[in-house]
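Student: Could you take me through this structure step by step? I would like to start with how the helices pack.

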Amino acid sequence: MAGTMNTDNPTQLEHEWFRERERAVTSLRLAFAVLAIIVIQLNPSRVAHYPALSKVILISFLLYSAAAVWMVWKNKFPLTSFGAITTALDTIWIALIVISTGGTRTPFFFYYSFPVITASLRWGLKGSLPVACIGVGIYVGIRLSLAAESYSEPIGIDTIVVRSLYLFVLAGIFGYISEFEQKQNRKLLAFSRAAGQLAALQERHRIMYELHDGLLQSLATVILRIESFRARTGETAKDLTSELGQLEDMTRQTMKEIRQFLAGKEPTPIAPGTLMERLKNELRFLQGLGIEVLLESDPEELDLPPEIERELYYVLREALTNITRHAHATRVAVELCQKNDRVDGSIEDNGVGADLSQGAHGDRVGMASMRDRIEKNGGGFELRSSPGNGFKIIFSIPLDLPNRLAVNQ
């Protein structure tokens with residue numbers, strides 16, 4: 001809490017803890033003030049020797065307690081300063097209440113426990129033990145001052161010792177419990193911060209992948225098609241018009257995805273059941289660039305859950321875009337096989353390849369994204385390559401929901 005946690009720059013959660021603690025303390029103080037007045041009303045003989053002093057002290061303690069409640073609930077005072085000031089005032093006021101209501105024979109001795117407990121809540125043992133020492137010192141001082149006692153003999157020294165021991169034990173117990181709670185709270189805050197940072201990192205990765213695999217890849221495809229279009233200006237007007245129409249459709253779809261992304265909606269790159277149609281369209285574009293294309297699918301039309309179809313589309317498009325941009329390949333082979341409980345696939349090209357041990361394999365964000373999309377659904381992802389021997393991506397994704405959920409739990 002306030003004594004051992006970071007009170008100079010507390011987090012929002014710590015600030016709320018401080019505020020709730022002080023609200024509880026001020027409410028308890030007010031209850032003690034009301035109780036003291038009720039007790040005196042039931043037994044006026046307790047203030048027979050100092051009636052005027054007792055009245056002033058009890059009423060002023062009630063007003064002070066009510067003002068403290070108002071200040072805390074209205075946030076009118078810094079919490080760290082407020083705790084130190086009220087602890088000092090509590091100790092003084094309770095000493096005056098004890099003096100004016102019978103000295104060491106007062107029924108309000110247990111009120112000394114209030115500043116001890118509140119000090120332990122605020123500062124642990126280093127707060128509760130000093131306050132207990134001050135309380136015992138004041139109580140013993142009252143015992144030694146006959147002017148503050150009733151006309152009878154003051155209370156016995158053995159009772160003083162027992163009551164003093166009671167305050168020290170109370171200070172030790174509550175101080176230890178408070179420090180233990182503070183340590184646990186700090187651990188919880190540390191875990192909370194770590195969890196928040198991890199969640200933020202995961203969200204940044206998700207946004208990065210969505211932008212890279214969705215919008216950026218769409219724009220990259222548009223650029224590639226424009227470059228291809230420019231190289232084919234000698235073709236017939238009909239062919240060029242068809243290509244322009246496809247570019248227009250892709251641009252409109254990309255703008256739609258951008259609007260969905262900005263609105264916080266999950267992007268929908270393909271309609272359910274259209275994976276093979278989209279894949280064939282991507283492969284036809286590669287054929288137009290002079291690349292030999294081989295597609296094998298068993299069955300010919302895959303029947304996949306929409307979420308798997310979406311992830312698989314992103315993986316396939318990323319792989320094909322990388323081949324177009326980096327591989328300098330003349331041949332691409334895509335294989336897909338759907339079984340009862342999984343879909344297996346591979347994409348292989350005969351391009352320049354790379355030394356995977358050196359980390360030089362095209363678009364690293366894209367590769368990481370493909371692996372993440374496969375593995376987060378419980379699948380396996382493998383990348384094979386060597387200089388001069390092209391790339392081969394092998395993946396497998398389970399289709400049954402329980403297996404995918406088990407991986408994400």
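Tutor: Please note at the outset that this is a predicted model. In the contact between helix 8 and helix 9, the residues from helix 8 are Leu 275, Arg 278, Leu 279, Glu 282, Leu 283, Phe 285 and Leu 286, and they meet Glu 309, Leu 312, Tyr 313, Leu 316, Arg 317, Leu 320 and Thr 324 of helix 9.

Student: What kinds of residues are those: nonpolar, polar or charged?

Tutor: Nine of the residues in the contact of helix 8 with helix 9 are nonpolar, one is polar and four are charged.

Student: And how do we describe the way two helices pack?

Tutor: The description uses the angle between the two axes and the distance between them. For helix 8 and helix 9, the axes come within 10 Å and cross at roughly 5°. That angle makes helix 8 roughly parallel to helix 9.

Student: Which strands does helix 8 lie across?

Tutor: Helix 8, residues 275-288, lies across strand 1 and strand 2, and it runs at about 165° to strand 1.

Student: Let us turn to the sheet, then. What is the order of its strands?

Tutor: The sheet is open and has five strands in the order 1-2-3-5-4, with mixed pairing. Strand 1 (292-298) and strand 4 (380-385) are at the edges with a single partner strand each, so one side of each has no neighbour in the sheet. From one strand to the next, the twist averages 5°.

Student: What holds paired strands together, in general?

Tutor: Strands of a sheet pair through backbone hydrogen bonds, in either a parallel or an antiparallel way.

Student: Do strand 1 and strand 2 run parallel or antiparallel?

Tutor: Strand 1 and strand 2 run parallel and are joined by seven bridges. Leu 294, for instance, has Ala 333 in strand 2 as its bridge partner. Between the two strands the chain passes through helix 9 (residues 306-327), and this β-α-β crossover is left-handed.

Student: Is there anything to look at in the loops on either side of helix 9, and where should I look?

Tutor: There are two places. Pro 299 lies in the loop between strand 1 and helix 9, and the peptide bond from Asp 298 to Pro 299 is cis, with omega near 0°. His 328 lies in the loop between helix 9 and strand 2. The phi of His 328 is near 55°, a positive value in a residue other than glycine.

Student: How many residues lie between strand 2 and strand 3?

Tutor: Three residues lie between them, and the two strands form a hairpin. Strand 2 pairs with strand 3 (residues 342-349) in the antiparallel sense, over seven bridges. Within this pair, Glu 335 stands opposite Ser 346 in strand 3.

Student: What about strand 4 and strand 5: how many bridges do they have?

Tutor: They pair over six bridges, in the antiparallel sense, and strand 5 covers residues 391-398. Here Leu 383 stands opposite Ile 393 of strand 5.

Student: Back to helices, please. What is the angle between helix 4 and helix 5?

Tutor: Helix 4 (residues 113-123) and helix 5 (residues 125-144) pack at about 160°, and their axes are 6 Å apart. That makes helix 4 roughly antiparallel to helix 5. Their crossing is right-handed.

Student: Which residues make that contact?

Tutor: Helix 4 contributes Pro 115, Val 116, Ala 119, Ser 120 and Trp 123, while helix 5 contributes Leu 125, Lys 126, Gly 127, Ser 128, Val 131 and Ala 132. Seven of the residues in this contact are nonpolar, three are polar and one is charged.

Notes
Residues are numbered from 1 along each chain as its sequence is written. This is a predicted model: local features need pLDDT of at least 70, side-chain atom pairs count only at pLDDT 80 or more; totals for chains, interfaces and linings use all residues. Side-chain values use heavy atoms; hydrogens and water are left out. Axes are lines fitted to C-alpha atoms, for helices over the stretch in contact, and angles run from 0 to 180 degrees between N-to-C directions. Helices (H or I, at least four residues) and strands (E, at least two) are DSSP runs, numbered from the N terminus. Angles under 35 degrees count as roughly parallel, over 145 as roughly antiparallel, 65 to 115 as roughly perpendicular and the rest as oblique. A crossing is left-handed if the near helix is turned anticlockwise from the far one by less than a right angle, and right-handed if clockwise. Contact means heavy atoms within 4.5 Å. Ala, Val, Leu, Ile, Met, Phe, Trp, Tyr, Cys and Pro count as nonpolar, Asp, Glu, Lys and Arg as charged, and the others, Gly among them, as polar. Two strands pair if DSSP finds at least two bridges between them. A crossover is right-handed if, with the strands pointing away from the viewer, the path from the first strand over the helix to the second runs clockwise.
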